[in-house]
Amino acid sequence: MSAPQPLQIREANAHLAAVHRRAAELEARLDAAERTVRAQAERLARHDQQLRAALDELGRAKDCEIAALQEQLLTSEATVHSLQAAVRQRDELIGQLQPRAELLQDICRRRPPLAGLLAALAEAERLGPLPTRDPGHPLPGGPSSRLANSTGEEQDRDHHLQPAVFGTTV
């Protein structure tokens with residue numbers, strides 16, 4: 001083999017220099033890309049860590065809220081049971097008072113006639129008893145001592161009855 005020509009050496013040197021520059025450029029780009037990838041990985045890791053921390057915080061907040069809602073639910077259920085018991089007691093009381101209310105309504109309906117009766121009894125009491133008369137002498141213009149359709153049994157019963165006296169107990 002013969003020695004290479006100076007032109008070939010220069011071309012080869014230029015080619016090697018170009019390859020070396022290209023290799024250095026690619027290494028620089030590779031280093032830059034690796035730095036970018038590392039930086040992105042670190043940012044992603046930090047972001048992932050922040051998201052995990054936020055997710056953990058949300059989980060704790062959710063658990064606290066669930067616990068508070070469960071406590072509120074238990075309190076509400078206790079209130080509902082208490083109110084249901086109160087309603088049952090009131091229903092029982094209404095059931096007990098219903099006959100009395102109906103009796104009072106009946107009394108209220110009968111009050112006006114009863115008031116009239118009491119007024120009549122008071123008037124009779126004000127008039128006082130009749131003067132005593134001899135049973136053999138009937139009152140003038142009055143009926144005879146016995147009615148015409150009397151059977152006689154009434155006479156036996158009348159001996160056991162006490163004379164009526166008007167008065168009120170109200």
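**Exercise 1. Is C64 buried, partly exposed or exposed, and what is its relative accessible area?**

Solution. Start with the model: it is predicted, so local features need pLDDT of at least 70 and side-chain atom pairs count only at pLDDT 80 or more, while totals for chains, interfaces and linings use all residues. Residues are numbered from 1 along each chain as its sequence is written, and side-chain values use heavy atoms, with hydrogens and water left out.

Step 1. Take the classes: buried means under 20% relative accessible area, exposed means over 50%, and partly exposed lies in between (1.4 Å probe, protein chains only).

Step 2. C64 has a relative accessible area of 55%, so C64 is exposed.

Step 3. C108 also stands at 55% relative accessibility and counts as exposed.

Step 4. Look for disulfides, defined as pairs of cysteine sulfur atoms within 2.5 Å. The whole structure has zero of them.

**Exercise 2. Describe the secondary structure of the chain and check the span of helix 1.**

Solution. Step 1. Helices (H or I, at least four residues) and strands (E, at least two) are DSSP runs, numbered from the N terminus. The chain has two helices and zero strands.

Step 2. The expected span of a helix is 1.5 Å times one less than its number of residues. For the 122 residues of helix 1 this gives 182 Å, and the end C-alpha atoms are 169 Å apart, which agrees.

Step 3. Find the bend, which is the angle between axes fitted to the seven residues ending at a residue and the seven starting there. Helix 1 bends by about 50 degrees at R111, with the proline P112 following within four residues.

Step 4. After helix 1 comes G128, with a positive phi near 80 degrees.

**Exercise 3. Work through the salt bridges that involve D48 and D106.**

Solution. Step 1. A salt bridge is a side-chain nitrogen of Lys or Arg within 4 Å of a carboxyl oxygen of Asp or Glu. Side chains of opposite charge can pair when their charged atoms come close. The count under this rule is eight.

Step 2. D48 and R52 form one of these, at 3.0 Å from N to O. Both residues are in helix 1, four residues apart, about one turn of the helix. D48 is partly exposed at 35% relative accessibility, and R52 is exposed at 52%.

Step 3. D106 meets R109 in a salt bridge at 3.4 Å, N to O. These two are three residues apart in helix 1, so about one helical turn separates them.

Step 4. D106 also forms a salt bridge with R110, where the closest N and O atoms are 3.0 Å apart. Here the separation in helix 1 is four residues, again about one helical turn.

Step 5. Put the pairs together: D106, R109 and R110 are linked in a network of salt bridges. Within this network D106 is partly exposed at 21%, R109 is exposed at 56%, and R110 is exposed at 53%.

**Exercise 4. Describe the surface of the chain and its nonpolar patch.**

Solution. Step 1. Accessible areas come from the Shrake-Rupley method with a 1.4 Å probe, and for residues only the protein chains shown count as cover. The chain has about 15900 Å² of accessible surface, 60% of it belonging to carbon and sulfur atoms.

Step 2. Of the 170 residues in the chain, 1% are buried.

Step 3. Patches are made of residues with over 30% relative accessible area and no salt bridge; like charges are joined within 9 Å, and nonpolar side chains (Val, Leu, Ile, Met, Phe, Trp, Tyr) within 5 Å. L103, L104 and I107 form a nonpolar patch with about 300 Å² of accessible area together.

Step 4. Place the patch: L103 lies in helix 1, residues 6–127.
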